[in-house]
Amino acid sequence: MWMNSLGSNQIARTFDDKIIVFRRIDDIIVFATGEDEYDELVLVEVVDFLVLLISLICEESKGSKIDETWLLEGNIFGKILVAIDEMMPGGVLEVFDLDEIINMA
């Protein structure tokens, strides 16, 4: 299941109706989980958006393979966290405009 997640979203449902959507970017796996109003359709959009966001932020700085060590060095991880916080302030999904998020981060 992990190997198939490179380049495409994978969806799993837990025994208590929580939904997990994940996707690999090189050596990093991006997860989104939800229940109730955050169904698999919304979570797929969130994961796609996060993958694009991480790729763009990392492309500005490196332009090659994304790995865990490089992601945690410098200010890349901080930029990604700020972007996620701007996208989902207080855990509520609000902003899906990539240019707006990039400018905020």
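How many helices and strands make up the secondary structure of the protein chain? Colour the model by secondary structure and count along: there are four helices and three strands. What you have open is a predicted model. Starting at the N terminus, the elements come in the order β-β-β-α-α-α-α. The chain has 105 residues, and 31% of them count as buried.

**Stop one: the first hairpin**

Select residues 10-13 for β1 and residues 19-25 for β2. The two strands run antiparallel and are joined by four bridges. To see where they face each other, show R13 and look across to I19 in β2, which stands opposite. Now click through the turn. Five residues lie between the strands of this hairpin, and D17 takes a positive phi there, near 65 degrees.

**Stop two: the second hairpin**

Keep β2 on screen and add β3, residues 28-34. These strands are antiparallel too, with seven bridges joining β2 to β3. For a pair to zoom in on, pick V21 and its bridge partner in β3, A32. The hairpin of β2 and β3 has two residues between the strands, and D26 has a positive phi near 50 degrees.

While you're here, turn on a surface and look at β2. Six of its seven residues are buried, so the strand is largely enclosed by the rest of the structure.

**Stop three: the salt bridges**

How many salt bridges does the structure hold? Three, and you can visit each of them.

Go back to the first turn and select D16 and K18. They form a salt bridge, with the closest N and O atoms 3.4 Å apart. K18 is partly exposed, at 34% relative accessible area, and D16 is partly exposed as well, at 37%.

Next, add E35 to the selection. E35 forms a salt bridge with K18, and here the closest N and O atoms are 3.5 Å apart. This pair links distant parts of the chain: E35 sits in the loop between β3 and α1 (40-61), while K18 sits in the loop between β1 and β2, 17 residues away. E35 has 35% relative accessibility, so it counts as partly exposed.

For the remaining stop on this leg, select R23 and D48. Their closest N and O atoms are 2.9 Å apart in a salt bridge. R23 is in strand β2 and D48 in helix α1, so this contact ties together parts that are 25 residues apart in sequence. Is R23 buried or exposed? It is buried: its relative accessible area is 19%, and the cut-off for buried is under 20%. D48, at 29%, is partly exposed.

Zoom out and show the charged side chains together. D16, K18 and E35 are joined into one network by salt bridges that share partners.

**Stop four: an aromatic pair**

Select F22 and F31. A search of the whole structure finds one aromatic pair, and this is the one: a tilted arrangement, 5.6 Å centre to centre, with 35 degrees between the planes. The two rings sit in contrasting surroundings. F22 is buried, at 4% relative accessibility, whereas F31 is partly exposed, with a relative accessible area of 43%.

**Stop five: the largest pocket**

Leave F31 on display, since it leads into the largest pocket. Which residues lie nearest the centre of that pocket? Select V30, F31, L50, I84 and M88 and you have them. The full lining has 21 residues, and the pocket holds about 310 Å³ of space.

Now colour the lining by element. β3, α1 and α3 (76-87) each supply at least two residues, and β3 gives the most, with six. Then recolour by residue type: 19 of the lining residues are nonpolar, two are polar and none is charged.

**Last stop: helix α4**

Finish by selecting E100, which has its place in helix α4, residues 98-104. E100 counts as partly exposed, at 34% relative accessibility. Draw a distance line from its C-alpha to the C-alpha of M87: the two atoms are separated by 9.3 Å, and the residues are 13 apart along the chain.

Definitions and conventions
Residues are numbered from 1 along each chain as its sequence is written. This is a predicted model: local features need pLDDT of at least 70, side-chain atom pairs count only at pLDDT 80 or more; totals for chains, interfaces and linings use all residues. Side-chain values use heavy atoms; hydrogens and water are left out. Two strands pair if DSSP finds at least two bridges between them. Buried means under 20% relative accessible area, exposed over 50%, partly exposed in between (1.4 Å probe, protein chains only). A salt bridge is a side-chain nitrogen of Lys or Arg within 4 Å of a carboxyl oxygen of Asp or Glu. On a 1 Å grid over the protein atoms alone, a cavity is a set of points where a 1.4 Å probe fits but cannot get out, and a pocket is an open set with protein on both sides within 12 Å along at least five of seven lines; lining residues have an atom within 4 Å of a point. Grid points are joined across faces, edges and corners, and a volume is the space filled by probe spheres set on the points. Ala, Val, Leu, Ile, Met, Phe, Trp, Tyr, Cys and Pro count as nonpolar, Asp, Glu, Lys and Arg as charged, and the others, Gly among them, as polar. Rings of Phe, Tyr and Trp (its six-membered ring) pair if their centres lie within 6.5 Å; planes under 30 degrees apart count as stacked, over 60 as edge-to-face and the rest as tilted.
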